[in-house]
Amino acid sequence: MLPLIHREIVFKKHWVSEESFCDILGVTQAVPGAMAINSAIFIGYDLAGVRGALIATLGISLPSFLIILGIAAFFTHFSESRVINEVFSGIRPAVVALIAYAGLKLGKAALSDWFGYFMAGGVLLLHLIFGLSPFFTIMIAAITGTVYYKILCRKRGIGE
Amino acid sequence: MTSLLLNLFITFFMIGAFSFGGGYAMIPLIQNEIILNHQWLSLQQFLEIIAIAEMTPGPVAINSATYVGYKVAGIPGSVVATLGVIFPSLILILLLARLFRRFQSSSWVSAIIRSIKPAVIGLILTALFILGRPVLVDLKAIIIGIVAFCLLMGERIHPITVIAISAGMGIIFY
């Protein structure tokens with residue numbers, strides 16, 4: 001979705017400059033939630049304050065919201081169809097493959113040092129073996145990582 | 001009904017507040033809250049929802065919320081769940097937008113962001129296990145999964161087309 005946002009907002013409407021767009025990327029990655037929604041909120045706020053943020057968010061959510069409602073209503077009536085079941089039997093493994101692919105791509109970008117691998121693996125184990133809630137594991141990871149990286153910075157001096 | 005809707009809102013608010021790294025990282029959160037904790041849906045229903053959220057336009061996060069909300073409590077449920085998942089982002093960004101410059105250069109903040117990224121990978125891996133185990137049970141599913149994965153890795157074919165191809169394989173195989 002990102003190239004789409006870039007094309008519309010930066011290129012066509014000139015509402016945001018290239019540099020600001022990079023800032024937006026930074027914010028949307030730091031804040032929880034879908035990147036598309038976060039971008040809409042931020043750009044909307046930038047252009048027209050709180051009202052702009054709300055309207056932009058409404059704009060970006062409404063189409064998918066309505067489409068999903070339509071599909072949900074449709075499938076609730078047709079769930080007994082044999083063809084639908086076969087289609088889903090094909091789609092489910094594809095979704096798993098999609099998640100694996102996304103994980104691989106993100107992993108290459110996000111895991112830069114051994115500590116990263118350690119944390120990713122740790123989170124996975126905490127979930128699978130200890131059955132911890134993701135709420136806890138994220139907090140544990142954030143605290144552990146922050147402590148580690150702050151100490152790392154202190155030991156090495158200024159930069160990271 | 002109202003207490004169910006309130007519950008739904010709060011649950012998705014919490015999910016939205018912890019959904020760093022977007023859609024796929026949300027899967028363990030949703031599974032934990034919706035399937036294990038509240039038992040509003042079964043794992044099979046959840047798998048359907050993820051599949052559909054994938055194929056439709058819009059972020060997976062929002063689509064999943066809308067669909068889960070609908071399954072749990074009809075149209076009011078879908079509205080409430082979608083609002084719930086969006087609110088934390090709204091609040092955080094509106095609060096932070098002013099402080100943004102200070103926010104960006106803070107070393108505490110960069111440390112936090114640096115630690116969240118691997119955690120997100122861990123969450124995605126968890127999602128892989130949670131969904132992979134029930135789905136990849138028979139040979140046909142495994143074959144479709146491997147083919148889909150190879151097509152995606154090739155990076156020539158659009159993901160939606162890959163899903164369509166897999167749907168076709170589903171019809172042929174089953």
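Colleague: Why is Glu86(A) called buried in this model?

Modeller: The model is a predicted one. In it, Glu86(A) has a relative accessible area of 9%; buried means under 20%, so Glu86(A) is called buried.

Colleague: What makes Arg82(A) and Glu86(A) a salt bridge?

Modeller: Their side chains come to 2.9 Å, N to O. The limit for such a pair is 4 Å, and therefore the pair qualifies as a salt bridge. Both residues lie in helix 4 of chain A, 4 residues apart, about one turn of the helix.

Colleague: Is Arg82(A) buried or exposed, and how do you know?

Modeller: Arg82(A) has 61% relative accessibility. Exposed means over 50%, so Arg82(A) counts as exposed.

Colleague: Which residue forms a salt bridge with Lys105(A), and what supports the assignment?

Modeller: The partner is Glu155(B), with the closest N and O atoms 3.5 Å apart. That value is within 4 Å, so the term salt bridge applies. The pair crosses between chains, from helix 4 of chain A to the loop between helix 7 and helix 8 of chain B. The count between chain B and chain A is 1 salt bridge.

Colleague: Why is Lys105(A) described as partly exposed?

Modeller: Its relative accessible area is 47%. Partly exposed is the range between the 20% and 50% limits, so Lys105(A) is placed there. Glu155(B), at 48%, is likewise partly exposed.

Colleague: What does the salt bridge between Lys71(B) and Glu48(B) tie together?

Modeller: The closest N and O atoms of Lys71(B) and Glu48(B) are 3.7 Å apart, and the cut-off is 4 Å. Lys71(B) lies in helix 4 of chain B and Glu48(B) in helix 3 of chain B, so the pair ties together parts that are 23 residues apart in sequence.

Colleague: Why is Asn32(B) called buried?

Modeller: The relative accessible area of Asn32(B) is 14%, which is under 20%, so the residue is buried. Asn32(B) lies in helix 2 of chain B. Leaving aside neighbours within four places in sequence, Asn32(B) is in contact with Ser133(A), Pro134(A) and Asn37(B).

Colleague: What is the area buried between chain B and chain A?

Modeller: The buried area is about 7,500 Å², of which carbon and sulfur atoms give 81%. In this interface, 90 residues of chain B are in contact with 75 residues of chain A.

Colleague: What makes Ile142(B) eligible for the nonpolar surface patch?

Modeller: Patch residues need over 30% relative accessible area; Ile142(B) has 33%, so it meets that requirement. Ile142(B) is found in helix 7 of chain B, which gives the most to the patch, with 5 residues.

How values were computed: Residues are numbered from 1 along each chain as its sequence is written. Chains are lettered from A and ligands numbered from 1 in the order in which they are written. This is a predicted model: local features need pLDDT of at least 70, side-chain atom pairs count only at pLDDT 80 or more; totals for chains, interfaces and linings use all residues. Side-chain values use heavy atoms; hydrogens and water are left out. Helices (H or I, at least four residues) and strands (E, at least two) are DSSP runs, numbered from the N terminus. Buried means under 20% relative accessible area, exposed over 50%, partly exposed in between (1.4 Å probe, protein chains only). Contact means heavy atoms within 4.5 Å. Buried area is the accessible area (1.4 Å probe) that two parts lose on being put together, summed over both.
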